[in-house]
Every structure is written in structure tokens, then in C-alpha cells.
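Got your viewer open? Let's take a short walk through this one, selecting as we go.

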Amino acid sequence: MTSLEVKLGPLSLKNPVMAASGTFAFGREYSSFFSLKLLGGLVTKGITLRLRPGNPPPRIVETPAGLLNSVGLQNPGLHGFLQDELPFLQQIGVPIIANIAGETIEEYEALVEGLLPSGTLAAIELNVSCPNVSKGCLSFGADPRSLYQLVTRIRKLCPLPLIVKLTPNDIDITEAARAAEAAGADVLSLINTLKGMVIDIEKKKPFFHLKIAGLSGPAVRPIAVRMVWDTFKAVKIPLIGMGGITNYADALQFIMAGASAVAVGSANFVDPLTIPSIVEGIERYLKEQGYSSPKDLCGIAHQ
Amino acid sequence: MKTSLCHNIVIVDSKPLARGQHFLSLKAPELAAAARPGQFIHIRLPGEGMDPFLRRPLSIAAAFPAQGTILLFFRLTGRGTAALARLQKGQLLHCLGPLGKGYSWPSAKQKPLLVAGGIGVAPLWFLKQALQRKKIPFYFFWGASSVDHFFYLHDFNSKKELLVLATDDGSVGYHGPITKPVELFLQNKQGDVKIYACGPVPMLKSLQRIALHYGASLEISLEERMACGIGACLGCAVRVKAADDHQSSCHYSRVCADGPVFKGEEVILSDEPGS
Ligand SMILES: Cc1cc2nc3c(=O)[nH]c(=O)nc-3n(C[C@H](O)[C@H](O)[C@H](O)COP(=O)(O)OP(=O)(O)OC[C@H]3O[C@@H](n4cnc5c(N)ncnc54)[C@H](O)[C@@H]3O)c2cc1C
Ligand SMILES: Cc1cc2nc3c(=O)[nH]c(=O)nc-3n(C[C@H](O)[C@H](O)[C@H](O)COP(=O)(O)O)c2cc1C
Ligand code: FES
């Protein structure tokens, strides 16, 4: 019997394929393409304490096999999320993971405190890795000591499974992973976007107002797989792998490198049906190869 | 599984239109039936690879529900549009659509005035087709850099429909921006006018000013770089006025899902062209 169910510490998923933060909004848009019940989990767009308008356009540029984005965490804020987005998410019937971002530890704390009473979130994902805002966020993720401090404080008040989303930028990712684990994170997700840049040669200026933006898509996949590989060796807690996954074979690379589950981001933009087709593909692969669970493949490439 | 926004479409005809512009006719019965003027489709470029990665948004330039076809008019801009122009009859494309909010219909009192800048004519062509079908007279103003950028000028009924051209080089029509003849026209015009426009940002900005000055209502169709095309990534932002005044801060709408058609007074266009 093949079962797609996976356990990431205290978090159970019906299948190992989630929608990555910021690429799936709060689910509504994709519900006109497929039944969201097919998701292993849905990670929300990054939520901040107060509404954030986001960065001025342009926010997107295509790059070789990928894209740079400078969305800048546009989101309705904690209150807007609870009021306008959570009711829709709750009725889907899959684990909903709130991705949160703050400028200070106190902001992260206030977010967790504000989210807990809803009682319906499956987990909290600490975004300490957004390259597209000027304050906070990445500055926690890129410094092991700040990260340890932040995760320790959040751990104290968060009874929900706690995921820490690591950055591939400005730090040895295994160091950040160890710090988050030591501070009590249940799960790590990696990678967020890589810092990148495009110069507009007509204007002789950076293409984006904030100059640096976040790279995602197939272009980053080999880097992401390598980081999952290294992090798997560095920590004991389960990993959610992402970065350039477009089909089941890409997803399997992450799983074999050590991820217990995966998330799909930019590929949703190209084919909105990517996630259900990856779920199908993984199931088919497991059956064909005679495995009973994705767990049997987790980290198998290390053996 | 609901997949009514996903379509495999077949190329029925492909040909150059006018200078640097291309025409595709596509067999897409569901799209042809569902599409409204101002809406667009988001096209997966042909080929197996992941590069170019993103889809390309193009306006629906006409729809023929009886034949089950739609038309696209596009300017050869870069890799994606070049690949689309190389497609042969019979080849297959995947697209999402119809996407976005289209133009709203003029009220019985309003006389439609369409203003196209260059290839911005594409969504307005569909509106023109819809007006012609309903036998609603309209004014059509079309500006381009020179005479060889226009196409299908015979497609207007000269008795009922006023067509005004302008070119940057004076090779045909008014010598200068199309907004000038629009303004002259409104100066001498009585009654309600509803302006529908698509084109470069400076043209749209002039029209915002002109519409305000002459009390005409205005709908503009915008372009911004898109990833998802369906409202999920927040990549295609356009600055809009906040709904409630106390919230004086910046506020962005999504061109793909809240637009691409917006009320003229609603958006704050930046001086730098977004894309
Ligand atoms: C809603 C909408 C409707 C459109 N309708 C039409 C139409 O009917 N006819 C037409 O000629 N053009 C239209 N455009 C513009 C068209 O999408 C671009 O010209 C096209 O994507 C360029 O792709 P490329 O690969 O040839 O150019 P490249 O410059 O190589 O493209 C690189 C990237 O930039 C994006 N890009 C480049 N220029 C634009 C632009 N002006 N707007 C948005 N994205 C851009 C591309 O989509 C791609 O992601 C429309 C744009 C939008 C947003
Ligand atoms: C447009 C866009 C917005 C994103 N927003 C967020 C966000 O709000 N929070 C977050 O943790 N990650 C965000 N990400 C990062 C993705 O969740 C993911 O980590 C990254 O894109 C790599 O995966 P991919 O290559 O499959 O897209 C965003 C990515 C994109 C492309
Ligand atoms: S292109 Fe993704 S929100 Fe508009």
C-alpha cells in the first residue's frame, strides 16, 4: 500500500507537496483551477503586523529559467488576514501555514499572538529571509545569533508547529539551520529567493527601485538541492525543500537530498496545475518503484 | 477538476500585420464564446524547456464565437513574441483565459470614443468589433509612429464611424500625438462621451487630464510585467487612489486581476514607463 502521508515533526500532511509562500496568495485564485484539497499544505503570503502596500513597480523581471521579484511583502496585515482571508482558507480542509515577517522580535511575537486565537492554523512559518524589504526579516535570517534569539522567543509563546524559513543569502545556511534547531524550531524550510540583480542598460540603472531582488525558478534549483543536501547533514529536524521545482522529478531530487516535503513556488505561475500533477507523479513513482511512502526516499541519496 | 480557464489552442492563421507587428488567428471555441473586450490571455510559449520561463500576456483583439476563433495583434518585442510569430498553422499553444476585467459598456447616453496608441489598438479592436455588432456608432482615434504601423483601416464604416489618425512623423493624419486631435474634438463636441484607451503611459496621462477637463468618463487598459496573470503573485502592481481618504498612503492594485481595464480617475500613473 502506498501512502503519500508525511510527518514533519508535529505536523502531518496528506501528501508532501505544498504551495510556497507568496506564490499562491491566500489560495482563492488557484481554486478556479483545481480543488485545493489536493494540496499537501498551503503556506500563505507573508503576513506582517500592519498592512504593507509593497514596492512600487516594476516588481517582476524574467531571467534565464526564472524570475526576479521585488514584491516587497505586499499583504493586508494581521487584521486584514484574519478578517478577509482566513475564513476562505479554513474551509479548504488542508493544513494552512501562516508565513509571518516582522521588523523586530516584538512584531513577530505580536503576529503569533494575533494568529493563535483563530485555532485553525496548522503551523507558523517564520520568514526570516525576505530580500525585498529594507528592515528586519533577512537581518534575522542572516545572523545566527539574532536568529537563535528570535526563534527562542517565538518558541516560548507558540504551541503550534514552528517552521523557520531559511535564506540562501549572506550566511552559511547550515549555521542558520543549527541555530534555528537549537532554539526549538520543529521544521526548516529552504530556500527563500536568492539575491539577484538586473541592470537596465537603456537607463543605465538597476531595473528595480530597491536594486536587489529575489531570484526563483528552475535557475536556482541546483543551488537549492545542494543546500537541502548540506542542511540534512547538519540538523535532525525535518526539512521542506523548495527552489525551482516544476515537476515530480524535481521534487524527488529534493526528497532524495533530504527533504521530508517540498513546496512549489514560481512554477505555479507557469502552470497553475503544477502541484496536483506533482502529487500524482510522486505517487506513480512510489508505486512503480515499490516504495510505500515518500519517507522511504527522504535523504536516500546520502546512503 | 475545474479547468475552464486552461485551453489548448490551435493556430489557424499567422501573418505579419504591419511594420514589426504580427497577427495570429487561433481556434479557441470556449475563449471565443467567453471573452469580453479588454480581457487578455496568458500564453505559454511553445517548446519544452523552462526558458523563457514566464507566460506572455496578450489582449484578445477580436472574437468570433460562431467560428470559434480569436485574434491576437502583437508587436515583436523580444524573444517571446518572436517565438509566437514563428508558429505555423496547426501548431498548438497553451493559454489561460479569458483573464482580467474588460471594458464596461457605454450607457445609452454616452458616445464611445476609442483612443489607441500603437499596438495598444489590440484590446480596442475587440471593443470596436463589439460596438459594430451592436450597431453602436463610435469615434476611433489611433496614433502611431508612422503610416506603415497602421493596418485594417478598411475595417471602418466611413459613414457611421469617425476614424482619426495621427503619426509622430506626420506621414499620415495629424502630425503629433493622438491626444491633440482628441482634445480638439472634445472642445467642439456636445454631449456625453466615454473614452476607452490603451497605449503608452504618456498618452494615458494626457487622457486623464483631458477627460477631467472635458468631463468625459475614461477607461484605460494598462500593461505591467506579469508572472501568474491571475492575481496571486502581486507582481503586476499599479498604484491606485485609496478607497477611503484617511488612508493617504500608497495602495496598489493588480493589473491582471483588478484590471487590466481601470477607471481613468482611479489609477496614479508613474512618469517612468513601468515596463
Ligand atoms: C494585459 C496585457 C495585454 C497585452 N496585450 C498586448 C497586445 O495585444 N499586443 C502586444 O503587442 N502587446 C501586448 N502586451 C505586451 C506584451 O505582453 C509584451 O510585449 C510581451 O510580453 C513581450 O514579450 P517578449 O518575450 O517578446 O519581450 P521581452 O522583452 O523579451 O520579454 C521579457 C519579459 O518582459 C515582459 N514584458 C516585456 N514588455 C512588456 C510589456 N510591455 N508589458 C508587459 N510585459 C512585458 C514579458 O512578458 C517577459 O516576461 C500586453 C501586456 C499586458 C500586460
Ligand atoms: C513573487 C514571489 C513572492 C514571494 N513571497 C514570499 C513571501 O511572502 N514569504 C516567503 O517566505 N517567501 C516568499 N517567496 C519565496 C518562495 O516562497 C520560495 O521560497 C522561492 O520562490 C523559491 O521557490 P521557487 O523557485 O519554487 O519559486 C516569494 C517568491 C516569489 C517568486
Ligand atoms: S501577474 Fe501575478 S498578480 Fe498579476
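Begin with ligand 1 and B:Phe73: a polar backbone atom of B:Phe73 is 2.9 Å from a nitrogen atom of the ligand. Keep in mind that you're looking at a predicted model.

Now add B:Arg56. One of its polar side-chain atoms sits 2.7 Å from an oxygen atom of ligand 1. Then pick B:Arg225, where a polar side-chain atom is likewise 2.7 Å from a ligand oxygen. How much of ligand 1 does the protein bury? Of the 830 Å² that the ligand exposes when taken alone, 88% is buried.

Zoom out a little and colour by chain: ligand 1 lies between chains A and B. Select everything within 4 Å of the ligand and you should get 20 residues, with B:Arg56, B:Pro57, B:Arg75, B:Gly80 and B:Thr81 the closest. Colour that shell by type and it splits into eight nonpolar, five polar and seven charged residues.

Next, switch to cartoon. Which strand gives the shell its largest share? That's strand 4 of chain B, with four residues. Strand 4 (56-59), strand 6 (69-75) and helix 2 (79-85) of chain B each supply at least two.

Last stop: the open seven-stranded sheet in chain B, ordered 11-10-9-8-12-13-16 with mixed pairing. Strand 11 (174-175) and strand 16 (261-263) are at the edges with a single partner strand each, so one side of each has no neighbour in the sheet. Further in, select residues 111-117 and 139-144 of chain B: these are strands 8 and 9, running parallel and joined by five bridges. To see one bridge pair, click B:Gly117 and its partner B:Gly143 in strand 9.

Conventions: Residues are numbered from 1 along each chain as its sequence is written. Chains are lettered from A and ligands numbered from 1 in the order in which they are written. This is a predicted model: local features need pLDDT of at least 70, side-chain atom pairs count only at pLDDT 80 or more; totals for chains, interfaces and linings use all residues. Side-chain values use heavy atoms; hydrogens and water are left out. Two strands pair if DSSP finds at least two bridges between them. A polar contact is a pair of N or O atoms within 3.5 Å; within protein, one must be able to donate a hydrogen and the other to accept it, and residues adjacent in sequence count only if both atoms are side-chain atoms. Accessible areas come from the Shrake-Rupley method with a 1.4 Å probe; for residues, only the protein chains shown count as cover. Ala, Val, Leu, Ile, Met, Phe, Trp, Tyr, Cys and Pro count as nonpolar, Asp, Glu, Lys and Arg as charged, and the others, Gly among them, as polar.
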